[in-house]
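Visitor: I should like to take a close look at a single part of this model. Please describe one sheet strand by strand, and then place it in its wider setting.

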Amino acid sequence: MRKIISFFSALGLYAIFFWFVSTSALEKTIDFTIYKQYYRVILNGWITTLTISAVSLVLALFVGLVLYFMRESKLKIFVYLSEIHKTIIFGTPLVVIAIIAYYYIGNAFNIDSKFWIGALTLALYIGAYIADIYKGAIESIHINQWQTAKMFGFTRYQTYRYIVFPQVITSILPPLAGQFAMTIKSSALLAYMSTDEFLNAIQTVQSISFRYPEGFLIVTVGYLVLTIPLILLVRMLEKKLNYKVNHEIEN
Amino acid sequence: MKLRIDRLIKTYENKRILDDLTLALDDKQVLALIGASGSGKSTLLRMISGLEAFDSGQIVVNGHEVVESEDADYRKRIGFVFQDHNLFPHLSILENILLVLEKVHGRMRSEVLPEVEALLEQFGLSEHRHKKPHQISGGQAQRASIVRALAIKPDLILLDEPTSSLDPILTHEVLNAIKVLVEASIDFIIVTHEIGFAREVADTIVFMDDGKIIEHGTPEILETPQSPLLKAFLDKVLSF
């Protein structure tokens with residue numbers, strides 16, 4: 001009960017803050033009429049954001065794996081290809097990459113679909129981070145297990161397939177759910193390359209109606225609806241995993 | 001087993017871990033490698049297993065020359081029991097054993113299951129077969145590790161200090177399990193600190209110190225050590 005009261009009190013404080021900001025800074029009253037008229041465009045944008053994020057994440061899981069194995073390759077050229085990719089991604093804002101990808105790389109390769117170029121850009125971007133998630137999880141597998149696998153004659157593929165991946169899958173789930181939330185948020189930057197995603201749809205209505213605050217409100221709520229479940233999922237998975245780890249240590 | 005080791009050298013960070021070892025054994029069943037920690041006995045065992053490469057020299061096991069980088073097929077015929085059992089933590093005891101047989105040796109589960117169940121029964125592990133390694137005692141886990149090595153029907157089993165992380169009760173339990181290998185006439189090489197056990201089961205004892213073989217022979221060498229180093233070692237380990 002105390003927990004619930006504290007939660008709603010905290011929520012109330014935020015509501016007061018936003019009410020103060022909106023009454024002090026806004027001249028007009030809040031009116032969602034125009035947004036209701038354009039709800040289909042907005043809903044389509046929201047669905048595009050969800051789809052583009054899901055597609056990007058699936059692609060990013062694969063990109064991350066390729067980058068990880070390139071990094072671990074005996075062929076140095078693969079190691080450097082992977083490292084250079086990661087360095088560029090880690091050191092450049094996504095918005096810059098998105099613009100370059102759409103206006104230059106997309107054009108050079110004649111890719112017209114904004115959806116696919118957006119999804120691929122996000123996948124290559126998020127994939128760099130996911131490669132590091134894989135790396136951390138795989139390196140947590142004790143050297144003894146690799147040696148045991150080698151001793152008993154498991155091939156490299158069999159070692160990953162039957163020994164490494166089944167163990168790392170649980171430990172990578174929380175950071176992956178976190179990455180999914182980040183992907184959804186990052187997809188907003190694709191508005192800069194005119195992808196018809198959620199933020200772009202809202203901005204279109206904003207430019208027609210000049211009702212900016214309402215648009216930002218819808219955008220905030222729209223993203224939170226997608227990301228809050230993921231944030232809760234991350235916490236739940238971490239709790240479960242911590243319990244598992246502690247339980248195993250106790251035993 | 002037939003074992004030939006010729007002028008074996010292994011250097012690590014400018015230190016000779018194995019310093020020009022030579023040894024020849026014919027038709028022996030149990031070889032015990034003894035010596036202080038850091039004497040090179042576990043390293044030698046790993047070289048024999050094909051798990052680690054050496055700098056120079058030659059190891060020939062039952063007529064096969066061991067070459068680390070290309071010896072996956074040789075390793076498949078060698079059973080290995082690690083110091084800390086090294087069972088895969090995400091699999092049950094039964095699955096740990098079946099995984100090797102099914103995936104590496106290409107055997108059918110239905111075909112090998114009765115044999116594996118019988119081995120688990122023999123080593124007193126039947127009731128624990130569906131438990132994960134962290135749910136059983138260190139002694140039970142080490143016995144399961146012996147079953148895993150035995151299940152592949154190896155030409156030779158290598159045991160690397162299988163009792164060194166166990167308390168005396170569990171040590172006793174595991175040593176009894178190893179005696180089963182002796183009774184079943186299975187060839188094995190064991191690295192151990194259990195001198196009494198080595199004397200009882202081994203037909204050859206090799207004593208190592210500072211990367212060298214100082215003395216080797218029948219268990220009698222433990223009664224009448226010729227070298228001062230073995231004498232000093234025995235005085236220390238048998239002083240309490």
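Guide: The account below follows a sheet of chain B and then turns to the rest of the assembly. The model is predicted, with an ipTM of 0.89 and a pTM of 0.79. For chain B the average pLDDT is 92, and 100% of the residues score at least 70.

The sheet in chain B is open and is formed by six strands, in the order 6-7-8-3-9-10, with mixed pairing. Its edges are strand 6 (78–81) and strand 10 (212–217) of chain B; each has a single partner strand, so one side of each is left without a neighbour in the sheet. On average, and with direction ignored, neighbouring strands here are turned by 15° against each other.

Strand 6 of chain B, at one edge, merits a residue-by-residue reading. Ile78(B) and Phe80(B) point one way from this strand, whereas Gly79(B) and Val81(B) point the other way. This fits a general pattern: in a regular strand the side chains alternate between the two faces of the sheet. Although strand 6 of chain B stands at an edge, Ile78(B), Gly79(B), Phe80(B) and Val81(B) are all buried.

The partner of strand 6 of chain B is strand 7 of chain B, and the two pair in the parallel sense over four bridges. Within this pairing, Val81(B) has Leu159(B) of strand 7 as its bridge partner. Strand 7 (residues 156–160) of chain B is in turn joined by four bridges to strand 8 (residues 188–191) of chain B, and these two also run parallel. There, Leu158(B) has Ile189(B) of strand 8 as its bridge partner.

Beyond the sheet, chain B also meets chain A: 17 residues of chain B are in contact with 16 residues of chain A. On the chain B side, the elements that give two or more residues are helix 2 (72–76) and helix 3 (93–104) of chain B. Helix 3 of chain B gives the most, with four residues. By class, this side of chain B comprises eight nonpolar, five polar and four charged residues.

In chain A, helix 9 (residues 198–209) has twelve residues and reaches 17 Å from its first C-alpha to its last, close to the 16 Å expected at 1.5 Å a residue. Its buried residues are Phe198(A), Leu199(A), Asn200(A), Ala201(A), Ile202(A), Val205(A) and Gln206(A). Just after helix 9 of chain A, Phe210(A) adopts a positive phi of about 60°.

Key. Residues numbered from 1 in each chain as written. Chains lettered and ligands numbered in written order. Predicted model: local features only at pLDDT ≥ 70, side-chain atom pairs only at ≥ 80, totals over all residues. Contact = placed C-beta atoms within 7 Å. Nonpolar A, V, L, I, M, F, W, Y, C, P; charged D, E, K, R; others polar. Expected span 1.5 Å × (residues − 1). Buried ≥ 20, exposed ≤ 12 C-beta atoms within 10 Å, placed from the backbone. pLDDT = per-residue confidence, 0-100. Pairing = 2+ DSSP bridges. Axes fitted to C-alpha atoms, helices over the stretch in contact; angles between N-to-C directions.
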